[in-house]
Amino acid sequence: MKTELKIFFTIWIIYIFFLTNYGGDHMADSMLEGTMAFVDTGSFEITNYTKEQCKIVPSGCNNAFYNGKIYPGFPPGNSIIATPVYLLAKPFFNLLPEQIGEYSRLRISAILLNILATIFIISILSALIAVLVYKFLGHITKNKKNRLFITFVFAFGTLFFLYSTEYYAKTIATFFLFSSFYLLFLMKNKKIKKSKKLLFLTALLSSLAVTFEYSSILIVGLLFLYLLSFFRNKEIIYYLTGLMIPIILLLSYHYFIFDNAFSSTYQYHKPTTYYPIVAEKDISLPTI
């Protein structure tokens, strides 16, 4: 078995073993409820999917509230990418009882989807990033032990370990951004031949990251500057085309949901309600 495959399966299995947030959290719930709503109804409205407590006390639930409706509070890519997982799992979810203890079938389905999406999306993409790190290091040093050491330190000795064991938007965005950077690096160093299709694909990968994490737009800009450092040709139009497609789709989503293409889901979060703790309310400093 090739070293890259061994790295992938080792890291993926360990990430699965340390899986966290089995019951979900407000961030994962919001994104994956969007997946369920999109598959079941063809809409991203999650009013009938979100927890009742998020309807009663919406602050801190990471949902977007607009015109009396509730939507996922994050870019739509996080909901769309989990669609295949939900489509495959839904027939089994439908076999569950309507109520299991205090949990409805809908809530149990959301919990199970969170586990499956973490295993088959987040952990897999994270393991692939580690493989790309290993391959990238091969262009810097030929010492295999050093490459393996750095790769495993990255996978298990940084915050990336935590972000790879739960359904987390930045992990998905990182995969697309690093994949784009790696392809640009190979082109710059003439390890692969530049082509119109490759330019388009590289741009598409980087721009897709924005549909998962808005702040990725900053890295997308830096990657474009990196491209300009070694490639200035009229064929750059293919790169720009690849950049624009996900952005146009994202702006269209904002327009149809929020009536404004340049809105973002974050603008419609309910601010977290602040409750003073006992010490702040009842304890006062003595007077002298």
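**Salt bridges and helix faces**

Author: K55 and E52 lie three residues apart in helix α3 (residues 52-56), which places about one helical turn between them. The model discussed here is a predicted one.

Reader: Why is the contact of K55 with E52 called a salt bridge?

Author: The closest N and O atoms of K55 and E52 are 3.1 Å apart. The cut-off for a salt bridge is 4 Å between a side-chain nitrogen of Lys or Arg and a carboxyl oxygen of Asp or Glu, so the pair K55 and E52 qualifies. An α-helix has 3.6 residues a turn, so residues three or four places apart point the same way.

Reader: What makes E52 exposed, and what makes K55 partly exposed?

Author: E52 has a relative accessibility of 52%, and exposed means over 50%. K55 stands at 31%, between the limits of 20% and 50%, and therefore counts as partly exposed.

Reader: How many salt bridges does a search of the whole structure find, and which one links distant parts of the chain?

Author: The search finds six. One of them joins the side chains of K90 and D40, at 2.8 Å from N to O. K90 belongs to helix α5 (residues 83-93) and D40 to helix α2 (residues 26-41), with the two positions 50 residues apart. Both partners are partly exposed: K90 has a relative accessibility of 25%, and D40 has a relative accessible area of 30%.

Reader: What makes the pair R105 and E98 a salt bridge?

Author: The closest N and O atoms of R105 and E98 are 3.2 Å apart, which lies within the 4 Å limit. R105 is partly exposed at 23%, whereas E98 is exposed at 56%.

Reader: How do you know that the buried residues of α5 line one face of the helix?

Author: The buried residues of α5 are T83, V85, Y86, A89 and F93. Viewed down the helix axis, they fall within an arc of 130°, so they line one face of α5. These residues pack against α2, α4 (77-80) and α6.

Reader: What is the evidence that the buried residues of α1 are on the same side?

Author: In α1, the buried residues are T3, E4, I7, F8, I11, W12 and Y15. Their arc around the axis is only 155°, which puts them on the same side of α1. Among the elements that cover them are α6 (105-137), α7 (144-156) and α8 (160-163). On the face turned away from this buried side, α1 carries the exposed residues I13 and F17.

Reader: How do the end C-alpha atoms of α1 and α10 compare with the expected spans?

Author: For the 15 residues of α1 (residues 3-17), 1.5 Å a residue gives an expected span of 21 Å, and the end C-alpha atoms are 21 Å apart, which agrees. For the 13 residues of α10 (residues 196-208), the expected span is 18 Å; the ends are 18 Å apart, in agreement.

Reader: Which residues of α10 are buried, and what do they pack against?

Author: L198, L199, T202, A203, L205, S206 and S207 are buried in α10. They pack against α9 (169-188), α11 and α12 (236-258).

Reader: Why is L225 called exposed?

Author: The relative accessible area of L225 is 53%. Since exposed means over 50%, L225 is exposed. L225 is found in helix α11 (residues 216-228). Together with I217, L218, I219 and L222, L225 makes a nonpolar surface patch of about 500 Å².

Terms used:
Residues are numbered from 1 along each chain as its sequence is written. This is a predicted model: local features need pLDDT of at least 70, side-chain atom pairs count only at pLDDT 80 or more; totals for chains, interfaces and linings use all residues. Side-chain values use heavy atoms; hydrogens and water are left out. Helices (H or I, at least four residues) and strands (E, at least two) are DSSP runs, numbered from the N terminus. The expected span of a helix is 1.5 Å times one less than its number of residues. Buried means under 20% relative accessible area, exposed over 50%, partly exposed in between (1.4 Å probe, protein chains only). The arc is that of the directions from the helix axis to the C-beta atoms. Contact means heavy atoms within 4.5 Å. Patches are made of residues with over 30% relative accessible area and no salt bridge: like charges are joined within 9 Å, nonpolar side chains (Val, Leu, Ile, Met, Phe, Trp, Tyr) within 5 Å. Accessible areas come from the Shrake-Rupley method with a 1.4 Å probe; for residues, only the protein chains shown count as cover.
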